[in-house]
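Here's a quick tour for anyone about to set up a calculation. Have a look at the sequence and the model first, then read on.

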Amino acid sequence: MSSKVGACRGPGYASPREAIKAPREKLLYTVALYVGTGIQKPDYLATIDADPDSPTYSQVVSRLEMPGIGDELHHTGWNACSSCHGDSSKERRYLIVPGVRSSNLHIVDCGENPRNPRLHHVLEGAEIKSKTNLSAPHTIHCIGEDIVISMLGDAQGNAPGGFLHLNQDFEIVGRWESDLANMKFNYDFWAQPRHNVMVSSEWAAPNTFMPGFDLEEVGHLKYGREIHFWDFKNKKVDRTFYLGEDGLVPLEVRFHHDPDSSHGFVGAALSSNVIHWFKKNGEWAWEKIIDVENRKHPEWPIPVPGLISVILLSMDDRFLYFCNWLHGDIRQYDITDPHSPKLTGQVWMGGLLGNAPFVNGHRISGGPQMIQLSLDGKRLYVTTSLFSTWDNQFYPEIREKGGCMLLVNCDAERGGMEFDSDFFVDFGCEPNGPARCHETRYPGGDCTSDIFF
């Protein structure tokens, strides 16, 4: 797995700088689900027109239903990306769409007709469990010739899970890792191969988080508070950092896109902090760089945490974005100095604090949850669903009203954010009834798709 140079061929980009110059995204692929709504219909992949010159701009133009009911579609990933750079035989064609509850992996062909993707293959959860003792797929990354998927549990839904290894034909190779060491839980991961490191984070066992959130289980140590640094080449945990009260439930992991950089970040959901790691004198170190204060709420016995549900970095590694799902705000920080981030933008939508129940005339059910940024850093697409049982617990109206997608225009030069008044996708008005929406991908790649070698 060496760095490849030369003219870009195949599915990815030679460098983040090249990716920034890619054409504007014309389509979005967003997972939509009926799990938890009471509607007995399959979850589906919604294709949304993102071309402002199109007559169907900001509309769902196709819906690919999954074969079964109850998948809980969540995060997705491509079969190929910039880690395959230089290999002209590779194509960013197949989107892997997992069901967290079913453990099914749906392989969707987006290349033959990008506007109307079709189902290519289903790798059944039962087969994955029987061959690897893994369940609950989450993050998917193309890593060179391989596809690696973080799995949150064993076949019975217990922690710590592990990592599933697929080949490019979507066949099970086995478990990717050689040694989990004392890892207690699993969630997200990102690699920086030039430093021979992968970092993974922790949520909880599927048997813990699937029924809903119970604060007492945090005190019973059933939720994560560690991040793990892996020997990437040897596929084993090399070092674990205990984050303590500053790192309760560390979720989304992001390295700089610059493959030479050692800087990375993770959002700790429950403590509502952003943790920064880096190399210092050749050794890994970490620090808390952003702390979102809890807010009082008349109906809560304790102050409400922001609940940082997602973070991402712009392709040029200048801006960090994250959502406070419970507070209801989306933030933009300039991280030119990653040790000292500066708040440069903030917008509000939904949330429990009542700051923005309406945006551009639309009532928001839920809060800002998943985000995806355009390669040029100018458009941030936002959806509102976190996980079905958690949605119903914290935002019960989303069950009846469905989720939505909005667009935030971002100033990629000076910083700043504002909602786009012309873009709104209402998943409350879907043909089979109100649905909720989660992660989004672009056909040409996005700011969380690619690992650069």
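Which residues are linked with Arg118 in a network of salt bridges? They are Arg93, Asp109 and Glu112. Keep in mind that this is a predicted model.

Let's stay with the charges for a bit. Side chains of opposite charge can pair when their charged atoms come close. Searching the whole structure turns up 27 salt bridges, and here are some of them, with N to O distances.

| Pair | N to O distance | Relative accessible area |
|---|---|---|
| Arg118 and Glu112 | 2.6 Å | Arg118 37%, Glu112 53% |
| Glu127 and Lys131 | 2.7 Å | Glu127 30%, Lys131 55% |
| Arg414 and Asp411 | 2.9 Å | Arg414 68%, Asp411 21% |

In the Arg118 and Glu112 pair, Glu112 counts as exposed because its relative accessible area, 53%, is over the 50% cut-off. Arg118 comes out at 37%, so it's partly exposed. Glu127 and Lys131 both sit in helix α2, and because they are four residues apart there, about one helical turn separates them. Lys131 is exposed, while Glu127 is partly exposed. As for the last row, Arg414 is exposed and Asp411 is partly exposed.

Just ahead of helix α2 comes Glu124, in the loop between β7 (118–123) and α2 (125–132). With 42% relative accessibility, Glu124 is partly exposed. Setting aside residues up to four places away in sequence, Glu124 touches Ser103 and Asn104. Asn104 is 20 residues away along the chain, yet the two C-alpha atoms are 4.7 Å apart.

Now for a histidine: is His256 buried or exposed? His256 is buried, because its relative accessibility of 9% falls under the 20% cut-off. You'll find His256 in the loop between β16 (250–255) and β17 (264–268). Its side chain makes a polar contact with the side chain of Ser261, at 2.7 Å. Beyond its neighbours within four places in sequence, the contacts of His256 include Gln192, His263, Phe265, Leu313, Asp317 and Ile335.

Finally, the pockets. The largest one has a volume of about 440 Å³ and a lining of 22 residues. Nearest its centre lie Trp300, Ile302, Pro305, Leu326 and Phe394. By type, the lining splits into 15 nonpolar, five polar and two charged residues. Helix α5 (residues 388–394) gives the most to this lining, with three residues.

Note on methods: Residues are numbered from 1 along each chain as its sequence is written. This is a predicted model: local features need pLDDT of at least 70, side-chain atom pairs count only at pLDDT 80 or more; totals for chains, interfaces and linings use all residues. Side-chain values use heavy atoms; hydrogens and water are left out. On a 1 Å grid over the protein atoms alone, a cavity is a set of points where a 1.4 Å probe fits but cannot get out, and a pocket is an open set with protein on both sides within 12 Å along at least five of seven lines; lining residues have an atom within 4 Å of a point. Grid points are joined across faces, edges and corners, and a volume is the space filled by probe spheres set on the points. Helices (H or I, at least four residues) and strands (E, at least two) are DSSP runs, numbered from the N terminus. Ala, Val, Leu, Ile, Met, Phe, Trp, Tyr, Cys and Pro count as nonpolar, Asp, Glu, Lys and Arg as charged, and the others, Gly among them, as polar. Buried means under 20% relative accessible area, exposed over 50%, partly exposed in between (1.4 Å probe, protein chains only). Contact means heavy atoms within 4.5 Å. A polar contact is a pair of N or O atoms within 3.5 Å; within protein, one must be able to donate a hydrogen and the other to accept it, and residues adjacent in sequence count only if both atoms are side-chain atoms. A salt bridge is a side-chain nitrogen of Lys or Arg within 4 Å of a carboxyl oxygen of Asp or Glu.
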